[in-house]
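Visitor: I am new to this structure and should be grateful for a close look at a single part of it. Please describe the surroundings of one helix and the loop that follows in the same region.

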Amino acid sequence: MSISIGIHDLSFATTEFVLPHTALAAYNGTEIGKYHVGIGQESMSVPAADEDIVTMGAAAAAPIIARHGTDRIRTVVFATESSIDQAKSAGVYVHSLLGLPSASRVVELKQACYGATAALQFAIGLVRRDPAQQVLVVASDVSKYELDSPGEATQGAAAVAMLVGVGPALMRIEDPSGLFTADVMDFWRPNYREAALVDGQESINAYLQAVEGAWKDYAEQDGRSVDEFAAFCYHQPFTKMAYKAHRHLLNYCGYDTGKDDIARALGQTTAYNSVIGNSYTASLYLGLASLLDQADDLTGRSIGFLSYGSGSVAEFFAGTVVANYREHLRTEENREAITRRRPVDYAGYRALHERSFPADGGDHPTPSQTTGPFRLAALSGHKRIYETR
Ligand code: CAA
């Protein structure tokens, strides 16, 4: 019998500020129904000048370290597609901010929004090799598109941290995985750009093709059938995309695609993403947090996961919720991470969006805007300087 490995703890953090879509719509004249109903987004998390993927990642992981300690963690895998350095892993800063042991391996992974799922699978492999160890997976991203572009309304930012180990308290991850890779240019960000480039319609089509491909392979790996799942978590670039994806999957499998069936399978996975916006690598796992926090008892039930990363790679896999999982949820803290955000007006958001560090190697302190546990204090001599409060 194979050992049970999976998600032992899950915690997330998001930004200091929030921009409601009503403010964006008032500025650009968009009918608000397009945002609230058409793409299914209510507001977006906006990073302060002294926040980035490291401060969010450390804030997400700190409660996990506080609860479980560091003794068993020998690996930190940091997944992101909004990387801050071409060489050094953002995970090394997080490792330092959290005071993790020097006897650790730390690495950053990238394949667009899919990276956290690769991290989770790598973590499971490491734990299988040595069940005494735990792996800290951190998925952290800032989603940034050009101002006044169609993608702007889907921006957001958040980090999810997961502790992976044997005898997981939340969810056991099952073995069969359906895999899919296709070389497409639906969404990408060349090294010289801060904002992503995207072909909107192509990206939606590429996502749907990837759902089909990953599911087809999952079925060939003797995976579960669609009706065995209590719910489905999808990568949510905007929450309406999960509905499109699930309808496509049901159609492909020859099932009814009634609105109620789809809402039943997904409805509880979108609450956090609809107010945070796209958090790329973290998005799928925010969907899981939202589901676990809201659903009636899911003990013993299977959850389907579809992870998509533009470019493109997708994976379909399943998890089974374990007994007593509710005792280990962080529902209150999760709600607090969302409600503590301070509203920013459109002008304030725009100023933050346009902000970037000079590349002259000088001493550039950041304005102190955050109230969270970690902040990016300065860029000095081309080095990021972080502070713990
Ligand atoms: N009331 C209700 N609904 C309305 C409406 C109104 N007043 N006005 C428009 N809508 C609906 C439209 O009918 C449409 O619905 P359907 O998709 O069901 O047809 C929806 O609102 C969106 O309208 P448009 O297609 O006209 O919107 P758009 O051209 O401004 O672009 C977008 C939408 C392509 C998603 C754009 O926001 C974008 O480029 N986003 C970034 C890319 C992205 O997220 N792609 C998703 C797949 S890629 C991926 O998943 C990886 C990743 O994280 C980026």
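Guide: Contact here means that heavy atoms lie within 4.5 Å. The model is predicted, so local features need pLDDT of at least 70 and side-chain atom pairs count only at pLDDT 80 or more, while totals for chains, interfaces and linings use all residues. Residues are numbered from 1 along each chain as its sequence is written, and side-chain values use heavy atoms, with hydrogens and water left out.

The part chosen is helix H1, residues 21–28. Helices (H or I, at least four residues) and strands (E, at least two) are DSSP runs, numbered from the N terminus. The sheet beside H1 is open and has three strands in the order S3-S2-S14, with mixed pairing; two strands pair if DSSP finds at least two bridges between them. Strand S3 (43–46) and strand S14 (342–343) are the edges, and each has a single partner strand, so one side of each has no neighbour in the sheet. Strand S2, residues 17–20, pairs with S3 in the antiparallel sense over four bridges. Phe-17 has Val-46 in S3 as its bridge partner. H1 packs on this sheet, where it touches S2 and S3, and its direction makes about 55° with that of S2. Axes are lines fitted to C-alpha atoms, for helices over the stretch in contact, and angles run from 0 to 180 degrees between N-to-C directions.

H1 also packs against helix H2 (residues 32–39), at an angle of about 135° and with the axes 8 Å apart. This makes H1 oblique to H2, because angles under 35 degrees count as roughly parallel, over 145 as roughly antiparallel, 65 to 115 as roughly perpendicular and the rest as oblique. From H1, the residues His-21, Thr-22, Leu-24, Ala-25 and Asn-28 meet Ile-32, Tyr-35 and His-36 of H2. The residues of this contact divide into four nonpolar, four polar and no charged. In that division Ala, Val, Leu, Ile, Met, Phe, Trp, Tyr, Cys and Pro count as nonpolar, Asp, Glu, Lys and Arg as charged, and the others, Gly among them, as polar.

Which residues of H1 are buried? They are His-21, Ala-23, Leu-24 and Ala-25, where buried means under 20% relative accessible area, exposed over 50% and partly exposed in between (1.4 Å probe, protein chains only). Their cover includes S2, H2, S3 and helix H12 (346–354). Just after H1, Gly-29 takes a positive phi of about 75°.

Further along lies Ala-49, in the loop between S3 and H3. Its relative accessibility is 9%, so Ala-49 counts as buried. Leaving aside residues up to four places away in sequence, Ala-49 touches Leu-352, Arg-355, Thr-366, Pro-367 and Gln-369. The C-alpha atoms of Ala-49 and Leu-292, which are 243 residues apart along the chain, are separated by 32 Å.

Helix H3, at the other end of that loop, comprises residues 53–68. A further open sheet of three strands has the order S15-S16-S17, with antiparallel pairing. Its edge strands are S15 (363–365) and S17 (383–388), each pairing on one side only. H3 packs on this sheet, touching S16 and S17, and its direction makes about 155° with that of S16.
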